[in-house]
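User: I am in my first year and would like to take a careful look at one part of this model, with each term explained as we reach it. Please begin from the part I ask about and then work outward.

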Amino acid sequence: MNIVKLQIVVLIEKYKKVTDVAAEMGLKQPTVSFHMKSLESELGTPLFQYRSGRVLLTDAGRTLYQYASRIVALTAEAERSIKQYASLSSGHLELEAGFVPGTYLLPKMVSQFIRRHPGLDISLSVQPEALIRERLRGREIQMAVMHTAEGQDSSLTTLTIARNEAVLVFAPGHPFADIKDFSPEQVVLEPWIQHEPASFLRGIAEEWAQLNGVRVWGHAMLSSPEAIKGMIREGGGAGLLSKAGIEAEVASGGLCYAPLPGVQPEHGEFVLAWRKDYALTPLQRAFAELAAPPKEEEAF
């Protein structure tokens, strides 16, 4: 077996067509078919089956796929990592982040990093945090910034870059603006603009309600924190947001906020995360050193 044959197994599972696999790999279709037959001959068992113009993996093929996908991912990771060892004057740093840290925390950090290392290229992709966790664990990415709570990610090494504070947000003209001391019962009388179920802030809202024996009235559910802020500004209700994500609106008078009343859940923190079995490259280590708060001692 070689890496090309294993790549073909992985891509056959993805595309189910030899033509698509050939296009992805930049090979001719007969070349891909030759490698497929060669691999079956080498292992002495059928790996592929043809049905209605599609190519599917046999039971043996699916077993091989479990290993092939990991080997291919590790090979790609090794190539990316080694290329970053040349110097800190060139290279490419890839980051993925959840919406709040990617929009409100990282722009300043990335700008500082570019000023320190002007020869580097940086790509930052904002993704749903549930997807980021999957991609980290699946070795599709090496480093990401997201929310996390203590004990939540046992497979990841995390470096705290900022504390998270979830606050109740409402418009300046909302009745909440005239109340100094809330009770949980008062808060849930108003309709809430909720985050999607898989989001970190939705989890905090549900845990807060459970701890205080109340039930949040979900008036609407949106996947975008910016859309949630927009609805709240227009008087559509109240909602839970990270304080770091509303600083501009609070400063301009467009939004107000108050701490959640009653028993507080763990608000978590914003962290730089990577797998525990992954060794940071010099480029990634340099970014981690910049991202760490002053006087914070973290092992990486």
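Which strands does helix α8 (residues 200-211) lie across, and at about what angle does it run to β10?

Analyst: Before the answer, please note that this is a predicted model, in which local features need pLDDT of at least 70 and side-chain atom pairs count only at pLDDT 80 or more, while totals for chains, interfaces and linings use all residues. Residues are numbered from 1 along each chain as its sequence is written, and side-chain values use heavy atoms, with hydrogens and water left out.

Helix α8 lies across β7 and β10, and runs at about 125° to β10. Helices (H or I, at least four residues) and strands (E, at least two) are DSSP runs, numbered from the N terminus. Axes are lines fitted to C-alpha atoms, for helices over the stretch in contact, with angles from 0 to 180 degrees between N-to-C directions; contact itself means heavy atoms within 4.5 Å. Helix α9 (residues 225-233) also lies across β7 and β10, at about 130° to β10.

The strands beneath this question belong to an open sheet of 3 strands, in the order β10-β7-β11, with antiparallel pairing. Two strands are said to pair if DSSP finds at least two bridges between them. The edge strands, each pairing on one side only, are β10 (239-242) and β11 (256-259). Neighbouring strands of the sheet are turned against each other by 45° on average, with direction ignored. Strand β7 (residues 166-170) meets β11 in the antiparallel sense over 4 bridges, and in one of the bridges between strands V169 has Y257 of β11 as its partner.

Another antiparallel pair is found earlier in the chain, where β1 and β2 are joined over 4 bridges and R51 stands opposite R54 in β2. These two strands form a hairpin with 2 residues between them. In that turn, in the loop between β1 (48-51) and β2 (54-57), S52 has a positive phi of about 50° although it is not a glycine. Most residues other than glycine have a negative phi. S52 counts as exposed because its relative accessibility is 81%, where buried means under 20% relative accessible area, exposed over 50% and partly exposed in between (1.4 Å probe, protein chains only).

T58 follows in the loop between β2 and α4 (59-83) and, at 13% relative accessibility, counts as buried. Leaving aside residues up to four places away in sequence, T58 touches P46, L47, F48 and Q49. With P46 there is a polar contact, since the side chain of T58 reaches the backbone oxygen of P46 at 2.8 Å. (A polar contact is a pair of N or O atoms within 3.5 Å; within protein, one must be able to donate a hydrogen and the other to accept it, and residues adjacent in sequence count only if both atoms are side-chain atoms.) A similar description fits R133, placed in helix α6 (residues 129-137) and buried at 11% relative accessibility, whose side chain reaches the backbone oxygen of H147 at 2.7 Å.

Next come the nonpolar cores, sets of buried Ala, Val, Leu, Ile, Met, Phe, Trp, Tyr and Cys residues joined through side-chain atoms within 4.5 Å. The largest core has 26 residues, of which F113, L272 and F287 touch the most other members. The elements that give two or more residues to this core are β3 (91-97), α5 (99-116), β6 (156-163), β12 and α11. A second, separate core has 20 residues, among them F182, W192, A238 and L260.

Finally, helix α1 (residues 3-15) has 13 residues and reaches 18 Å from its first C-alpha to its last, close to the 18 Å expected at 1.5 Å a residue; the expected span is 1.5 Å times one less than the number of residues. At the start of α1, a side-chain oxygen of N2 comes to within 3.1 Å of the backbone nitrogen of V4. The buried residues of the helix include K5, L6 and I8. Just after α1, K16 takes a positive phi of about 65°, although K16 is not a glycine. K16 lies in the loop between α1 and α2 (18-25) and counts as buried because its relative accessibility is 19%.
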